[in-house]
Amino acid sequence: MTLQIDWETAWAEGISEMNRLSSTGYWNRRADDYSDMVLASDCNHGRNILRLFEREGLLEKEWHVLDIASGPGAITVPFAERVERVTAVEPAERMAAALMSYAEGRNLDNIDLIPQTWQDVDTAAYAKNYDLVICCHALWQFPDVLHQVRRMEEVSRGYCCLAHGFEAPAETGKLMETLGINEGDFDQFITIFNLLNDAGVHPNVDVIDYTLNRSVASAVASTSKLVEKYRPLSDSDRIFIQEYMQKRSKNGIYMVNGRMGVLWWEVA
Amino acid sequence: MTDNSLISDIDWIRLWEDSYDARSGIMRRDYVLDDWSERAEDYSESRKTNQYEFGESVYETLKRHGVVSPHARVLEVGSGPGTFVIPFARRVDYVTAVEPAEGMIRMIHQNAAEAGVKNYDIIPKLWQDVNITELRGQYDLTITSTVIWMFRDIMAQVRRMEEVTGGYCCVVGGLGTGQTFEAELWKEIMGDTPRPQYPEYPLIYNLLYMQGRVPQVRIIDYTSMRTPENMLRMYRVFYSIYTEITPEVEETIREALYRDSGEGPCVRKYRSAVVWWDPAVRRKELKGIV
């Protein structure tokens, strides 16, 4: 039974390597290519999460949303277009700068920023302050994930929402295999699903398709930096990645489809 | 590289079978159809609480997500007193109930007549005995609730459910409620004998996921209300599976019910997971980080 499995330990062990390799510095280096992807995709995965709350009849104009590890705004921007205010928690300065620039370009003045890691945010100062607290594709930052989820519940007066890769885009898997990069096959989604259920949080589950578009330059930069997390990039790697992206792009845009698992619940 | 052996090595089917066997191990006899006929009245009262609140809530959930439509033909596996027959048949094209217990079948007819529902039929068999050859692809939704714990060969039965639908499958499974009444009563009657588990959710989610399905979930809350006499009838059947129902056992149940609810109806709050999936959609194995 699930009761016999220590999901918290499984989680902490499963994400340890990714956590070690993906520092704030790494994300500062990824700010440009990641922002390019979010913009070129028109925040596709964030918009799909927004639609979920709309379809459920829950989204309210008066909402104040907290987006943990916002990056350049894939969640923050679509929500800010529809609700009263969004607060983004983002410690990587270049990501935060990209977010604010993106928001300005969209004439959004209802976004504010907490320039800290979520772990450093004083939750007592924001107790029950938000209608929706979202953390998308970023839970790997938290070895003590249940503690961090409980902190999210502390600042939410409405809902909490965690989004994860349900399955990686097939393209990405094939590419990494060719480059000899093994990112492991730790399944964050099913682990966090079981961890929450074991802890008495029984989340609703949605599986949502998304499409990511990015320029060839962004795709090349993203893949190169990902390889550099594991080993130095060789000249032949550079040529291979460039050709790979070029060949698979259409009109200068490289596109991948994926699915994410969205776990969300009403906070008691 | 992360070591995922802990999770990828979990044999969910084995866990399901172990749970089934552990329960069988403490049973003095197996359930028979007469047990379910005996349960027809209390089960019906429970399902009819707040105008079929449970079935209505499941219907609304599935409708909101496009799983069921007015044109849908629905097959319910183990209908009991008409758990989904009545709420669904009012809004869909047709419902077929698979239900083997005579008492439950009578109750479906009675409840359907009361609700003015005529667009249904009943296959009076155990689901495991239904020949699905002629049913293959005939329905748009196969649905079941509070039944799958009876299937030791869970995936074989799930696959049969999938074969008869050209649309979706749905399993509604109960969640622990944190209520202590059941555990305390079990201890009073059975002492230190481990209490049998009926773990449908989230175990079924893991099973489906690991077998490549893409299930979605909504958690629903609902109320069940039953007279003390119907509660006693339910507990009499339940405990007869595990011990002899002596006058002392019956008195223990009566007293516990009286302590809990006095002479009025017993009101219970329950929570269930509505799990649905499209059998034609399969998950690709997760490799690499998104």
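Start by showing chain A and chain B together: between them they bury about 3,700 Å², with 61% of that area on carbon and sulfur atoms. Keep in mind as you look around that this is a predicted model.

**Stop 1: the interface**

Select the residues in contact between the two chains. Chain A contributes 42 residues and chain B contributes 36. Ten residue pairs make polar contacts across this interface. On the chain A side, at least two residues each come from helix 1 (7-21), helix 3 (44-55), strand 5 (156-167), helix 7 (170-178), helix 8 (188-198), strand 6 (204-215) and strand 7 (253-266). Helix 8 of chain A gives the largest share, six residues. Colour this side of chain A by class and you will find 19 nonpolar, 14 polar and nine charged residues.

Now look for charged partners. Three salt bridges cross between chain A and chain B. One to zoom in on pairs B:Arg218 with A:Asp206, where the closest N and O atoms are 2.8 Å apart.

**Stop 2: helix 3 of chain A**

Next, select residues 44-55 of chain A, which form helix 3. Its twelve residues should span 16 Å at 1.5 Å a residue, and the end C-alpha atoms are indeed 16 Å apart. Which residues of this helix are buried? They are A:His45, A:Gly46, A:Arg47, A:Asn48, A:Ile49, A:Leu50, A:Leu52 and A:Phe53. Show their surroundings: these buried residues pack against helix 4 (76-80), strand 4 (130-136), strand 5, strand 6 and strand 7 of chain A, and also against strand 6 (216-226) of chain B. Step just past the end of helix 3 to find A:Gly57, with a positive phi of about 75°.

**Stop 3: a serine in helix 9 of chain A**

Move to A:Ser222, in helix 9 (residues 216-228) of chain A. Is A:Ser222 buried or exposed? With a relative accessible area of 8%, A:Ser222 is buried. Leaving aside residues up to four places away in sequence, A:Ser222 touches A:Arg30, A:Asp33 and A:Arg214.

**Stop 4: backbone details in chain B**

Switch to chain B and select B:Tyr201 and B:Pro202. A cis peptide bond joins this pair, with omega about 10°. B:Pro202 sits in the loop between helix 9 (181-190) and helix 10 (203-210) of chain B.

Then go to helix 5 (residues 49-64) of chain B, where you will find B:Gln51. B:Gln51 is not a glycine, yet has a positive phi of about 55°. B:Tyr52, in helix 5 of chain B too, has a positive phi of about 60°. Their settings contrast: B:Gln51 is exposed at 66% relative accessible area, whereas B:Tyr52 is buried at 7%.

**Stop 5: salt bridges within chain B**

The structure holds 39 salt bridges over all chains. Select B:Arg152 and B:Asp21, whose closest N and O atoms are 2.7 Å apart in one of these bridges. B:Arg152 lies in the loop between strand 4 (139-145) and helix 8 (154-163), and B:Asp21 in helix 2 (residues 12-25), so this pair ties together parts of chain B that are 131 residues apart in sequence. Both B:Arg152, at 35%, and B:Asp21, at 33%, are partly exposed.

For a buried example, pick B:Asp42 and B:Arg39, which meet in a salt bridge at 2.7 Å, N to O. B:Asp42 has a relative accessible area of 0%, and B:Arg39 has 11%.

Finish with B:Glu41 and B:Arg233, a salt bridge with its closest N and O atoms 3.6 Å apart. B:Glu41 lies in helix 4 (residues 40-47) and B:Arg233 in helix 11 (residues 228-240) of chain B, so the bridge links parts 192 residues apart in sequence.

Terms used
Residues numbered from 1 in each chain as written. Chains lettered and ligands numbered in written order. Predicted model: local features only at pLDDT ≥ 70, side-chain atom pairs only at ≥ 80, totals over all residues. Heavy atoms only, no water. Contact = heavy atoms within 4.5 Å. Buried area = accessible area lost by both parts, 1.4 Å probe. Salt bridge = Lys/Arg side-chain N within 4 Å of Asp/Glu carboxyl O. Polar contact = N/O pair within 3.5 Å; in protein donor to acceptor, adjacent residues only side chain to side chain. Helix = DSSP H or I, 4+ residues; strand = E, 2+ residues; numbered from the N terminus. Nonpolar A, V, L, I, M, F, W, Y, C, P; charged D, E, K, R; others polar. Expected span 1.5 Å × (residues − 1). Buried < 20%, exposed > 50% of the residue type's maximum accessible area, 1.4 Å probe, protein only.
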